Amino acid sequence: MRVLQLYRDHFADLPGGIERHVHDLAHGLAPVHQMEVVASAKTPRQSTVDPDGVVVHVEREFARVGGVPLAPRIFKRVRDGYDIVHMHSPNPTGELACWKLGGKTAVVATYHADTTRAPLLLPAYGRWLEALLAGCDRVIVGSQRLVEASPVLRKLSRHPSLIQVIPFGVDAQRFSPAEGPAIRRWGPDPIVLFVGRLRYYKGLPFLIEAMSKVQARLVIVGDGQERERVVGLGRERLGDRFTYLPGIPEEELATVYRSADVFCLPSTSEAEAFGLAALEAMACGVPVVTTEVGTATSEINVDGETGLVVPPSNAGALSEALRLLLEDSARRHQMGAAARARVLAEYTRDLMLRRVSQVYEQVLADRRLA
């Protein structure tokens with residue numbers, strides 16, 4: 001079957017969590033399905049073929065309004081005869097393109113998170129999105145907690161056959177514990193690591209404040225709108241105990257996780273719907289500290305088993321949790337082993353790919369019977 005993955009950004013340009021998930025779906029399913037990806041950028045439009053045979057269409061955008069790309073050629077691309085269009089929400093441009101299909105093509109949606117942008121427009125957008133999702137063939141959600149927390153998904157759950165919970169997964173062979181002693185690439189100090197896009201809801205100012213009371217180095221890897229603020233605050237509060245990298249080569253990412261003693265995802269709102277980077281760290285045998293924002297972050301990280309969960313926007317609680325793990329190596333190693341085991345049991349990429357492929361096949365079978 002011919003399947004289109006539809007999101008606003010491509011992983012090669014912006015390697016965030018949703019972009020990585022789209023990339024994993026496209027490349028992981030390429031051996032069994034004809035996979036294509038469409039995204040937008042401020043560069044001239046182009047179509048390329050990746051080594052795995054995935055066709056990537058980057059359509060030129062003329063501007064972004066509230067994070068929404070204005071890329072009219074996406075509408076033409078989505079009409080291009082696919083068996084299934086798999087849209088990733090929130091993404092109003094892609095959602096509008098799928099709405100214009102009028103049910104003629106099978107549409108599978110993955111609902112990643114509620115949007116908090118443009119608050120004055122949210123009620124109208126929410127009602128329209130709910131109607132659009134209700135007309136999809138399936139809506140995939142990464143966790144049951146998101147179904148319960150999201151106002152849009154709670155309403156959709158009245159249609160029991162519509163929503164399919166499929167946890168996101170990581171490549172457990174690539175992201176694996178070090179075979180020997182971890183490489184201490186930033187010296188002998190304990191390492192607290194954050195990897196991800198630098199966005200307003202990531203809570204990094206609270207992590208930096210917490211680290212001012214922890215005898216360890218904070219390493220932040222990622223780029224985004226909050227870069228200037230985060231880097232300035234980190235250097236001001238932590239001095240030479242702060243290391244910032246805007247990005248690292250993909251082949252080095254697992255090594256960076258293995259070099260950490262603790263991974264921290266200090267998010268402050270439900271916009272952090274899953275926390276894929278935390279899952280990658282767990283796969284590498286690293287315990288994690290996350291915040292309770294009512295989403296999957298507290299489902300993948302089991303408090304007291306694979307790491308610790310603390311209240312959001314609370315530097316004191318973050319500081320206490322980090323000190324507790326850094327000062328107790330036996331507990332840290334026990335939680336890291338439990339984190340790895342949890343990934344292997346529930347959150348591998350192979351398991352996710354099989355489940356998504358089964359959804360595609362069932363959707364087309366249902367359409368043939370209709």
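In this short talk I will go through one open sheet, a helix that packs on it, and one pocket. Please keep in mind throughout that what we are looking at is a predicted model.

Let me begin with the sheet, which is open and built from six strands that follow one another in the order E13-E12-E11-E14-E15-E16, with parallel pairing. If you look at the edges, you will find strand E13, residues 242-245, and strand E16, residues 307-310, and each of these has a single partner strand, so one side of each is left without a neighbour in the sheet. As you go from one strand to the next, the twist averages 20°.

To see one pairing in detail, take strand E12, residues 217-221, which runs parallel to E13 and is joined to it by four bridges; within this pair, Ile 220 stands opposite Tyr 244 of E13.

Now, which strands does helix H10 touch where it packs on the sheet? Helix H10, residues 276-283, touches strand E11 (191-195), strand E14 (262-265) and strand E15 (288-291), and the direction of the helix makes about 170° with that of E14.

Let me turn, finally, to the second largest pocket, whose volume is about 340 Å³. Its lining is made up of 18 residues, and the closest to the pocket's centre are Ala 260, Cys 284, Gly 285, Val 286 and His 333. Helix H13, which covers residues 329-346, gives the most to this lining, with five residues. When we sort the lining by class, we find eight nonpolar residues, five polar ones and five charged ones.

Key. Residues are numbered from 1 along each chain as its sequence is written. This is a predicted model: local features need pLDDT of at least 70, side-chain atom pairs count only at pLDDT 80 or more; totals for chains, interfaces and linings use all residues. Side-chain values use heavy atoms; hydrogens and water are left out. Two strands pair if DSSP finds at least two bridges between them. Helices (H or I, at least four residues) and strands (E, at least two) are DSSP runs, numbered from the N terminus. Axes are lines fitted to C-alpha atoms, for helices over the stretch in contact, and angles run from 0 to 180 degrees between N-to-C directions. Contact means heavy atoms within 4.5 Å. On a 1 Å grid over the protein atoms alone, a cavity is a set of points where a 1.4 Å probe fits but cannot get out, and a pocket is an open set with protein on both sides within 12 Å along at least five of seven lines; lining residues have an atom within 4 Å of a point. Grid points are joined across faces, edges and corners, and a volume is the space filled by probe spheres set on the points. Ala, Val, Leu, Ile, Met, Phe, Trp, Tyr, Cys and Pro count as nonpolar, Asp, Glu, Lys and Arg as charged, and the others, Gly among them, as polar.
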